[in-house]
Every structure is written in C-alpha cells, then in structure tokens.
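Student: I've got a new model open and I'd like to learn how to read it. Could you walk me through it?

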Amino acid sequence: MSLPATTPRARAEAPGVHARRLWSLRPRSDRQSGDAIVSNFLLHWFPAKVERSSLDWSYSFWLGTVSAALLLLLVLSGGPLLFLYVPSVERAYGSVKDIEYAITFGSWIRAVHRFAAHLMVAAVFLHLVRVFLTGAYKNGVGQGQHREWNWVIGVVMLLLTLFLSFTGYLLPWDQLAFWAVTVGTNIASSIPWIGPSIRELLIGGRGIDQPTLIRFYALHVIVLPAALGALFAYHMWRVRKDGGLARADRASVLPAPVASPASTTKTYALLGVARGTSPAVRTTTLEAADATVNAVPDLTRRTAIVVLGTFAVLSIMAALMRSPLEEAANALVTPNPAKAPWYFLWLQEIVTDTTIRLGTFTINGAFLGGVLLPGVLVGLLTAWPWIDRSPGAAAGSWFPRTRRAQNLVFLGVVAVVLILTLVGTFMRGPYWHLYWPWETWPEIPTRL
C-alpha cells in the first residue's frame with residue numbers, strides 16, 4: 001500500500017515541522033510564533049509569549065540586556081586585541097602603543113573595549129539595584145520558581161564582572177595600571193593570617209611582575225569570560241523558568257479557580273462503556289490572552305533596539321574620546337596619589353577613614369574597611385531573599401509600601417558607596433589629602 005502524497009505546504013503546516021531554518025520575523029499566527037522560538041537556539045531563552053507590561057521601558061530600563069550587549073561587545077572587540085597584544089613586561093606597553101597609534105582602527109577598538117568594560121561594571125551594578133528595589137528576587141505565584149537562587153547568581157556575576165575588569169586593568173602595563181593593581185592587591189593582603197598568601201597566589205610572587213601579568217592575562221581572556229558566559233546563560237534560562245520578570249506575576253490576571261460543573265460522560269473500560277461524570281477541574285494560568293504578546297517580534301524587536309543602541313553609543317564614545325595611556329610601568333616611581341580603579345575607590349576611601357593614628361602608632365584600617373565591611377555587605381546581599389519577609393505581592397513593583405524600610409536602607413548604602421567613590425575620584429590629592437574639586441593640587445615631586 002502506498003502512502004498518500006503530501007504537498008510542501010501540508011508538510012510545512014504539520015505539527016513539529018518548522019518551515020524555516022532560522023526564524024520568521026513576521027509570524028502570521030501564534031503557531032508560527034511558537035515555531036520561531038522552537039527552531040532557533042538563541043530564542044530558546046525567550047518564551048513564545050511574554051507579559052506585555054514586562055516590556056515597559058520604565059520598569060527594568062533593560063539594564064540586563066544592556067549588560068549582555070556590553071559583554072558581547074567586549075568579546076567582539078577583545079578578539080582583534082588578542083592577536084595584537086603581547087603579555088610580556090618588556091613588550092606589553094609597546095604592543096598597546098602600537099594598537100593605539102600604529103594599527104588601523106586600533107585606537108577605536110581599544111577604546112570600545114575599555115569603555116565597554118567600565119560601562120559593564122556600572123550597568124551590572126544598576127541592574128542589581130533595580131532588581132532589589134522592585135523585589136524581583138521574590139517568588140510570585142508561579143510553580144517551581146527559585147528567583148532567590150537567580151539573585152545569588154546575579155551577585156556572583158557582579159563580583160566576576162568586577163574581577164574581570166580589574167584583571168584587564170593591568171594589561172596596558174602603564175603607571176596607572178601598575179599602581180592601581182598594587183593598591184588593590186595590597187588591600188587583599190590585609191586579611192589576618194592568610195592575606196599575604198592570597199596576595200602572593202594572586203600576583204604569582206612577592207611583587208607585581210611577569211607572573212602577575214601572565215596570571216591576569218589568562219584570567220582576563222579565558223577563565224573569567226568563560227565563567228561569566230556560563231553563568232549568564234544559566235541566569236537567562238532561569239529567568240524563563242521562573243516565569244519571566246517578576247512584574248509578569250504581578251500583572252497576570254489570576255482569577256480565582258472555578259470548578260467546572262460535572263457533566264455526564266463515558267469512559268471506555270475493559271468490558272464496555274462505564275457511565276459516570278467527569279471530574280471537576282480547578283485551574284488557572286499566568287498567561288492572560290489580552291495581557292500577553294508574542295515574543296517574536298515584540299520582545300526580539302526591543303532587544304535588537306537595546307543591543308544596537310548600546311553598540312552605537314559605545315562606537316560614538318570611542319570615536320570622540322581616547323583611552324588614557326600613561327608612561328610605562330615603573331615600580332621605582334610612585335605616583336602621588338596612587339589610586340585603585342574607580343569601582344574600588346570607595347573601598348580605598350573606607351580604608352583611609354578607618355585607619356586610626358595614635359601618635360606614632362597606627363591601626364591600619366585595610367582589614368576593617370577593605371575586607372571585613374565589604375564582606376559583610378556581600379554576605380547580606382546574598383542572603384537577603386531569605387531575610388526579606390515582605391509579602392510576595394510586593395514583587396515586581398517599584399517602592400511598594402511593604403518594602404519601604406528595606407529599600408530606604410539599601411538606597412542609603414548605595415548612596416554612601418557613590419559618595420565615597422566621588423570623593424576618592426575628585427577630592428583626593430597628594431598624600432590622600434582632601435581638596436575641593438575647584439582647588440588646585442600642590443605640586444609634589446615624584447617619589448623615586
């Protein structure tokens with residue numbers, strides 16, 4: 001018996017068959033929209049439908065997407081730099097100068113890479129602030145949600161982002177990089193008993209030299225990007241498994257489950273038809289037809305706008321501003337003041353403020369301000385989803401009344417961090433003395 005012939009159109013419309021190898025930008029039905037998700041690897045991160053309110057620009061500010069776009073831009077701009085940079089203390093500075101002044105578009109590529117690294121630190125930090133203020137780490141009404149663990153992953157990703165930027169800071173091997181890393185690693189050495197060993201493990205010896213450059217280079221181009229990329233993929237997958245953004249839970253129309261009336265039906269048994277009634281079904285769903293839209297093209301269009309907009313802003317910044325490059329690193333010439341990278345300046349400021357001098361005796365605040373206090377803050381940040389006892393209805397909303405106190409405390413801590421960062425950036429001069437931004441710093445001879 002021969003099988004009936006099927007037309008190409010019939011095959012394309014058969015269940016489980018995807019007519020396009022990639023995806024359709026203009027799906028003509030919900031079925032095609034769902035197929036667009038199933039047939040595309042990237043779009044597996046997206047559901048077929050998303051809550052309309054979760055796409056609002058003013059809710060998430062799309063900071064997570066901006067962070068992802070910056071990570072992608074770092075990978076794309078870092079590729080050409082891998083072929084041009086030489087991780088050697090004798091040749092690193094020269095290779096960066098070649099990139100800056102001799103390679104076609106080298107200055108622009110380096111600027112894109114550098115600005116993307118700095119902006120990614122800021123974007124990931126602001127994304128974390130937004131998630132906290134909206135209580136988006138809280139579970140809603142969906143089954144099997146574990147948003148608290150996704151919050152923990154987000155905190156780890158912030159730390160990895162900081163470390164990724166810190167390891168890249170040393171690679172130009174100029175005075176700015178050398179002494180910034182010196183200050184940063186000296187703070188780590190203040191941990192009682194194990195601090196010096198940790199510093200030695202990090203920099204590969206007693207001083208910052210060739211082993212340090214190799215270690216930072218390997219961490220920067222292989223270990224940390226791979227770890228961050230793996231966590232990012234899981235983070236996005238977890239967002240989908242948790243039902244999307246927390247606002248989707250809040251905005252979903254959740255009518256009270258209504259029992260369907262029992263109806264007469266029949267069930268086929270082994271010896272005939274068994275008469276009876278069907279069971280009453282009580283059910284509800286997160287998806288309301290009038291409150292959801294297709295992920296393709298609504299979500300993908302907004303994602304493309306954010307990604308391409310981020311690329312455009314970075315490209316313009318790189319064209320208008322150049323990346324700084326000071327003199328080659330010299331361990332015998334100490335700049336005054338020597339500052340950590342800007343995102344660690346608040347720690348350097350706390351270290352200064354907690355250092356107590358009693359005559360000739362000095363109690364160094366490096367451990368208190370540089371290790372203990374930030375360690376407590378990170379610990380509290382990680383454990384906060386289990387400490388927060390506010391109702392689940394507070395999730396997905398800006399400044400709900402039930403979370404007002406903890407949001408104010410959190411904003412207070414964020415404000416202190418920002419103020420200390422600004423003080424360290426603009427008001428700390430020679431010998432770490434305070435100066436108003438409009439004051440001129442005194443000329444201090446360089447210490448040899």
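**Reading the model, from one residue outward**

Tutor: Let's start small: T421 is buried, with a relative accessible area of 12%. Keep in mind that this is a predicted model.

Student: Why does T421 count as buried?

Tutor: Buried means under 20% relative accessible area, and T421 comes in at 12%, so it qualifies.

Student: Which helix is T421 in, and what does it touch?

Tutor: T421 sits in helix α15. Setting aside neighbours within four places in sequence, T421 is in contact with W342, L345 and W346.

Student: Zooming out, how many helices and strands does the chain have?

Tutor: There are 15 helices and six strands. Buried residues account for 41% of the 448 residues. As for contacts between residues at least 6 apart in sequence, 71% join residues at least 24 apart. The chain exposes about 25,500 Å², with carbon and sulfur atoms supplying 67% of that.

Student: How do I check a helix, say α12? What span should I expect?

Tutor: Count 1.5 Å a residue: the 26 residues of α12 (residues 295-320) should span 38 Å, and the end C-alpha atoms are 36 Å apart, which agrees.

Student: And which residues of α12 are buried?

Tutor: First the general idea: an α-helix has 3.6 residues a turn, so residues three or four places apart point the same way. Now the case here: the buried residues in α12 are A295, V296, L299, T300, T303, V306, V307, T310, L314 and A318.

Student: Which residues have the most contacts inside the largest nonpolar core?

Tutor: That core has 45 residues, and those with the most contacts inside it are L70, M120, L128, W151, L228, L299 and F410. Helices α4 (63-84), α6 (106-133), α7 (147-169), α10 (210-241), α12 and α15 (404-426) each supply at least two of its residues. The largest share, twelve residues, comes from α6.

Student: What does M120 touch?

Tutor: Not counting residues up to four places away in sequence, M120 touches S67, L70, L71, L74, T161 and L228. There's also a second, separate core of 32 residues, which includes F166, V181, I203 and I208.

Student: Now for empty space. What is the volume of the second largest pocket?

Tutor: Rolling a probe the size of a water molecule over the atoms shows where empty space is left. Here, the second largest pocket has a volume of about 1,500 Å³. Of its 44 lining residues, the closest to the centre are L159, L162, W346, L347 and V378.

Student: Which helix gives the most to that lining?

Tutor: That's α15, with eleven residues. It brings us back to T421, which has its place in α15 and touches W346, one of the lining residues closest to the pocket's centre.

Note on methods. Residues numbered from 1 in each chain as written. Predicted model: local features only at pLDDT ≥ 70, side-chain atom pairs only at ≥ 80, totals over all residues. Heavy atoms only, no water. Helix = DSSP H or I, 4+ residues; strand = E, 2+ residues; numbered from the N terminus. Expected span 1.5 Å × (residues − 1). Buried < 20%, exposed > 50% of the residue type's maximum accessible area, 1.4 Å probe, protein only. Contact = heavy atoms within 4.5 Å. Areas by Shrake-Rupley, 256 points an atom, 1.4 Å probe, with all protein chains shown as cover. Core = buried A, V, L, I, M, F, W, Y, C linked by side-chain atoms within 4.5 Å. 1 Å grid on protein atoms, 1.4 Å probe; cavity = no way out; pocket = protein on both sides within 12 Å on 5 of 7 lines; lining within 4 Å. Points joined across faces, edges and corners; volume = space filled by probe spheres on them.
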